[in-house]
Amino acid sequence: MAKTKTKTSKQAKSAQQSVKTMANGNVKPKETPEQLYASAIELVEQSQPDEALKKAKKLWTQVQKRSVTEALPALNLLGEISVELGDGEAARGYFEKAVTLDPTGEIPEAMGGGAEKFLWLAQLCEEGGQASVDWFERGVKALQIEIAALESGGVPGMDEESLLMLRVEKKRKLANALCGIVEVYMTDLSWEKDAEARCDALVTEAMAVEDETSAEVLQTLASVRLSQERREDARAALTRSLESWIELESEDAAVPDFATRVSLARLLMEAEMEQQAMQVLQRLHLMAEKLQAAPEVNKDGDADMSVGDQDSVMMAWKGSRNWLNMALKLFDLLDYEDKRLFEHAKALVAELDERLGPDETRPEGEDGAWEEWDGIADGDEDVEDGSANGDEDEVMQDL
């Protein structure tokens with residue numbers, strides 16, 4: 001009787017074949033969730049959000065049925081990459097799913113919990129108004145819990161310096177979240193009877209949160225005071241805001257971001273502090289010069305860079321053109337004496353016009369052309385609505 005092949009021998013043969021196949025490079029080993037997460041983060045840092053989204057979706061496929069602390073980081077990552085790609089609807093879906101897994105933000109941020117998802121939803125909320133306030137307030141409450149834990153020493157495994165830095169960061173986020181609520185009450189909810197009282201209370205609370213009040217909070221205070229026609233108080237707040245960073249190097253962490261500085265320049269002009277506004281715009285002018293060193297992008301968007309890089313550079317160029325045009329307006333208004341700087345600014349605007357085409361949204365000489373200007377907002381619509389959405393429906397169905 002012939003010897004029968006056992007199941008074990010078949011498995012061994014199959015295993016040998018698999019080893020040979022992998023050795024020949026025909027099959028790549030499956031990436032782990034940790035590898036996918038790290039790869040997605042790296043791609044984001046390299047301004048490749050489309051590729052990062054693909055990795056993040058693979059990550060979600062692997063972890064969606066695992067523990068909450070494995071699923072939350074994937075959802076937050078998907079949400080933030082979607083924001084980067086300009087896909088607000090997808091981002092909301094991811095962050096809302098994260099909220100269902102961590103409704104109070106009590107899961108530590110290191111495990112994917114915390115306040116960040118609430119703060120994103122406050123900004124992405126389509127309804128605006130009270131809905132935005134509600135999201136901000138949930139974020140505020142989560143941050144207050146985190147700060148209380150830090151101040152009580154309830155975070156094991158962290159040295160004193162790390163605790164201090166984390167505490168400063170959380171307090172800065174809390175103060176900015178309170179200012180976010182102020183902005184909603186100054187715009188969407190300005191008709192509310194208690195809007196002014198709420199703004200006063202919230203900005204006072206924000207001022208008390210940080211050990212050293214940040215430039216952003218001081219600007220919010222100035223905005224409130226200008227709306228109340230308390231011009232001198234607004235000027236005092238703007239002066240403090242400007243003095244807190246104007247002498248620092250651009251790379252210093254205490255220097256506000258682009259949008260904050262653009263907002264400061266506008267507030268300074270509203271407060272009739274034109275010389276100080278010129279200081280801010282000169283700093284932005286230097287940044288515009290640095291952008292000239294960016295890779296060339298032609299009108300068809302071709303360049304040796306990713307789509308994400310192209311979008312970022314185009315938006316930065318458009319923002320720079322707005323800043324420079326505002327500076328030129330101030331030159332005329334103040335009869336500024338630095339003619340070389342004036343001519344250089346004009347040359348930069350001309351070069352940006354050549355790269356971007358005429359700025360049809362800001363006709364030269366038109367009164368009120370700056371009324372609706374808000375930093376680099378005019379470039380937002382140029383960002384594609386997410387170019388890595390081929391399998392978006394499939395991922396969203398998993399949610």
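Student: What makes the contact between Glu137 and Arg198 a salt bridge?

Tutor: This is a predicted model, and in it the side chains of Glu137 and Arg198 meet at 3.5 Å, N to O. The cut-off is 4 Å between a side-chain nitrogen of Lys or Arg and a carboxyl oxygen of Asp or Glu, so the pair qualifies. Glu137 sits in helix α7 and Arg198 in helix α9, so the bridge ties together parts 61 residues apart in sequence.

Student: Why is Glu137 called partly exposed?

Tutor: Buried means under 20% and exposed means over 50%. Glu137 has 34% relative accessibility, so it falls in between. Its partner Arg198, at 25%, is partly exposed too.

Student: Which residue forms a salt bridge with Arg167?

Tutor: That's Glu151, with the closest N and O atoms 3.2 Å apart. Arg167 belongs to helix α8 and Glu151 to helix α7, so this pair links parts 16 residues apart in sequence. Glu151 is partly exposed, at 48%.

Student: How many salt bridges are there by this rule?

Tutor: The count is 19. Another one of them joins Asp233 and Arg230, at 3.0 Å, N to O. Salt bridges with shared partners also connect Glu109, Glu116, Glu146, Glu169, Lys170 and Lys173 into one network.

Student: How do you know that the length of α7 agrees with a helix of 23 residues?

Tutor: Take 1.5 Å times one less than the number of residues. For residues 129–151 that gives an expected span of 33 Å, and the end C-alpha atoms are 33 Å apart, so the two agree. Just after α7, Gly153 has a positive phi of about 75 degrees.

Student: What do the buried residues of α7 pack against?

Tutor: They pack against α5 (88–101), α6 (116–124) and α8 (160–186). Among those buried residues are Trp135, Phe136 and Leu143.

Student: Which residues have the most contacts inside the largest nonpolar core?

Tutor: Trp135, Phe136, Leu174, Leu178, Ile181 and Tyr185, in a core of 34 residues. Helix α8 gives the largest share, nine residues. Leaving aside residues up to four places away in sequence, Tyr185 touches several others, including Val133, Cys199 and Leu202.

Student: Why is Cys199 called buried?

Tutor: Its relative accessibility is 4%, and the limit is under 20%, so Cys199 counts as buried. Cys125 also passes, at 13%.

Student: How many disulfides does a search of the whole structure find?

Tutor: Zero. A pair of cysteine sulfur atoms would have to lie within 2.5 Å, and the search turns up no such pair.

Terms used
Residues are numbered from 1 along each chain as its sequence is written. This is a predicted model: local features need pLDDT of at least 70, side-chain atom pairs count only at pLDDT 80 or more; totals for chains, interfaces and linings use all residues. Side-chain values use heavy atoms; hydrogens and water are left out. Helices (H or I, at least four residues) and strands (E, at least two) are DSSP runs, numbered from the N terminus. Buried means under 20% relative accessible area, exposed over 50%, partly exposed in between (1.4 Å probe, protein chains only). Contact means heavy atoms within 4.5 Å. A nonpolar core is a set of buried Ala, Val, Leu, Ile, Met, Phe, Trp, Tyr and Cys residues joined through side-chain atoms within 4.5 Å.
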